[in-house]
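Q: Please take a close look at a single part of this model, the second helix, and set it in the context of the rest of the chain. Which of its residues are buried and which are exposed?

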Amino acid sequence: MREIGRLEDAAFSSRVSNGLKTGLLLAALSALVLAVGQRLGGGAGLVLSGALVAVMNLASWWFSDRVALALNGARELPQHAAPGLHAALQRLARRAELPTPRLYLIDSPTPNAFATGRSPDR
């Protein structure tokens, strides 16, 4: 039982760390775009670059899952193509009390797995 608690603490710590790193990266990129906009266009450039930053950050949050899948050439794996894999995924999701995610296939000789989306439902 203590082991499960340690695993949950490690998972939470990892999520917080990843969230902080992502936030810092987005803040740095936003500051860079704002600084360049202000340098090139003064006040008007700052306003324009501020709008660009807002659109850029919203788009990266909203479309990040689709961008990651498209950049990797992923295609959805239908149930009939890998029924055993889908069954195993459903069992894991049920045990974790999460919605069953969709499976995608990336043609690559390197074994890899990653998760995308802004919430467990996505």
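A: The chain holds two helices and two strands, and from the N terminus on these elements follow the order α-β-α-β. The model is a predicted one. Of the 122 residues in the chain, 11% are buried.

The part in question, helix H2, covers residues 83-95. Its 13 residues reach 18 Å from the first C-alpha to the last, which is close to the 18 Å expected at 1.5 Å a residue. Three residues of H2, namely His86, Leu89 and Ala93, are buried. Viewed down the axis of H2, the buried residues fall within an arc of 60 degrees, so they line one face of the helix. The general geometry accounts for such a pattern: an α-helix has 3.6 residues a turn, so residues three or four places apart point the same way. The other side of H2 carries the exposed residues Gly84, Leu92, Arg94 and Arg95. Just after H2, Glu97 adopts a positive phi of about 55 degrees.

The surroundings of H2 in sequence include a salt bridge. The side chains of Arg75 and Asp107 meet at 2.9 Å, N to O. Arg75 lies in strand S1 (residues 75-76) and Asp107 in the segment after strand S2 (104-105), so this pair ties together parts that are 32 residues apart in sequence. Arg75 is partly exposed at 44% relative accessibility, whereas Asp107 is exposed, with a relative accessible area of 61%.

A search of the whole structure finds two salt bridges. Besides the pair just described, Asp65 and Arg66 meet through their side chains at 3.8 Å, N to O. Asp65 counts as buried because its relative accessibility is 5%, under the 20% cut-off. Arg66, at 39%, counts as partly exposed.

Helix H1, which spans residues 2-71, provides further context. Ser30 is found in H1 and is buried, with a relative accessible area of 9%. The side chain of Ser30 reaches the backbone oxygen of Leu26 at 2.8 Å. Trp62 also has its place in H1, but Trp62 is partly exposed, with a relative accessible area of 38%. Together with Leu58, Trp61, Phe63, Val67 and Leu71, Trp62 makes a nonpolar surface patch of about 650 Å².

Conventions:
Residues numbered from 1 in each chain as written. Predicted model: local features only at pLDDT ≥ 70, side-chain atom pairs only at ≥ 80, totals over all residues. Heavy atoms only, no water. Patch = residues over 30% accessible without salt bridge, like charges linked within 9 Å, V, L, I, M, F, W, Y side chains within 5 Å. Areas by Shrake-Rupley, 256 points an atom, 1.4 Å probe, with all protein chains shown as cover. Salt bridge = Lys/Arg side-chain N within 4 Å of Asp/Glu carboxyl O. Helix = DSSP H or I, 4+ residues; strand = E, 2+ residues; numbered from the N terminus. Buried < 20%, exposed > 50% of the residue type's maximum accessible area, 1.4 Å probe, protein only. Expected span 1.5 Å × (residues − 1). Arc of directions from axis to C-beta. Polar contact = N/O pair within 3.5 Å; in protein donor to acceptor, adjacent residues only side chain to side chain.
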